[in-house]
Amino acid sequence: MLTSRSIADALSMAILKPVSILLVIALGIASCAFHEIGHASACRYGGVRPGVMGCGIYLVWPAFYTDITESYRLGRAGRLRADLAGVYFNAIFVIGLTLLYAQTGFAPLIVAIMYVNLEMVQQLLPTLRFDGYYIMSDLIGIPDLFRYIGPILRRTLLRRPADARLDDLKRWPQIFVTVWVLTVIPMLAFQIALIITQVPGLVAKDWGMMRRLASAAADGADPLTLLTSGLQIVLLVLPLVGVAFILYSMVRGLVRWTVRYVNAPVAKAASGT
């Protein structure tokens with residue numbers, strides 16, 4: 001369907017009509033909620049009780065979450081089923097949208113289908129704590145991959161003796177985690193640098209959108225247009241807030257490390273006889 005229909009025409013129609021934009025956003029949110037229901041359902045299917053569900057901000061993205069800590073009582077197959085169930089439910093959601101589009105021919109549904117597919121791709125990324133990260137973690141049997149970033153960087157880049165935590169790993173998981181760390185760190189640095197370079201453009205877009213929204217309100221724009229513009233402003237502001245939080249955390253960590261380094265006791269030189 002995506003190859004036989006004009007995505008550009010569907011995008012144009014969705015952008016020009018506020019109702020279409022709101023519909024795509026609403027379907028995207030519904031897909032995210034359905035994704036989390038998938039994780040909870042897989043837990044219940046495996047015989048354990050899922051925890052709470054909610055939503056918040058993860059770095060720069062609005063995100064739903066489900067506490068599936070109890071899935072660690074299951075075997076590896078049960079944990080992987082719980083990890084993959086969210087994307088599986090997204091696929092069911094896409095099939096439903098496709099059938100709806102086949103019946104109605106409503107072009108903005110193509111945009112919603114594309115949007116949900118992008119959500120699925122994002123969830124399978126192994127760089128941050130998305131589903132792809134937990135799939136990798138459960139495949140190799142290591143609950144927290146991030147705790148090995150420091151030891152691996154110190155051993156591979158600084159050539160220091162191996163940390164005791166690395167000695168606890170078997171050979172092939174140690175190789176896998178090392179490759180993951182040496183891949184993820186440059187990718188994260190590139191992503192953060194890319195976001196930071198976009199900050200001036202995001203600020204300009206936010207300011208321009210706010211001015212247009214104020215002008216439209218003064219000219220008596222309908223509530224639907226004002227609501228759509230307001231949502232667009234929120235979606236533009238969130239990355240700025242996320243970048244500010246990331247930079248604050250990095251600077252705070254650097255300051256703490258500097259303070260510990262400065263206050264560390266100086267080793268006394270051994271005296272000769």
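What follows runs through the fold, the nonpolar cores, the aromatic pairs and a surface patch of this predicted model.

The model is predicted, so to speak, with strings attached: local features need pLDDT of at least 70 and side-chain atom pairs count only at pLDDT 80 or more, while totals for chains, interfaces and linings use all residues. Numbering starts from 1 along each chain as its sequence is written, and side-chain values use heavy atoms, with hydrogens and water left out.

The protein chain comes to 10 helices and 2 strands, taken as DSSP runs (helices H or I, at least four residues; strands E, at least two) numbered from the N terminus. Along the sequence the pattern reads α-α-β-β-α-α-α-α-α-α-α-α. Of the 273 residues, 32% are buried, where buried means under 20% relative accessible area, exposed over 50%, and partly exposed in between (1.4 Å probe, protein chains only).

Turning to the interior, the largest nonpolar core (buried Ala, Val, Leu, Ile, Met, Phe, Trp, Tyr and Cys residues joined through side-chain atoms within 4.5 Å) has 17 residues, and Leu27 and Leu97 have the most contacts inside it. Helices H1 (7-16), H2 (18-46), H3 (76-104) and H4 (108-123) each put in at least two residues, with H4 giving the largest share, 7 residues. Beyond its neighbours within four places in sequence, Leu27 is in contact (heavy atoms within 4.5 Å) with Phe93, Leu97, Leu109 and Ala112. A second, separate core has 15 residues, among them Ile142, Trp180, Val184 and Leu188.

Next come the rings. There are 5 aromatic pairs, counted for Phe, Tyr and Trp (its six-membered ring) when centres lie within 6.5 Å; planes under 30 degrees apart are stacked, over 60 edge-to-face, and the rest tilted. Phe34 and Phe89 have ring centres 4.9 Å apart and planes at 45°, so they make a tilted pair. Since Phe34 sits in helix H2 and Phe89 in helix H3, this pair ties together parts 55 residues apart in sequence. Phe34 is partly exposed at 25% relative accessible area, whereas Phe89, at 17%, counts as buried. Phe34 also pairs with Phe93, centres 6.1 Å apart and planes at 45°, so that pair is tilted too. Phe34, Tyr88, Phe89 and Phe93 form one aromatic cluster.

On the outside, Val19, Leu224, Leu227 and Leu231 make a nonpolar surface patch of about 310 Å². Helix H10 (residues 223-263) supplies the largest share of the patch, 3 residues. Patch members have over 30% relative accessible area and no salt bridge; nonpolar side chains (Val, Leu, Ile, Met, Phe, Trp, Tyr) are joined within 5 Å, like charges within 9 Å. A salt bridge puts a side-chain nitrogen of Lys or Arg within 4 Å of a carboxyl oxygen of Asp or Glu, and areas are Shrake-Rupley values with a 1.4 Å probe.
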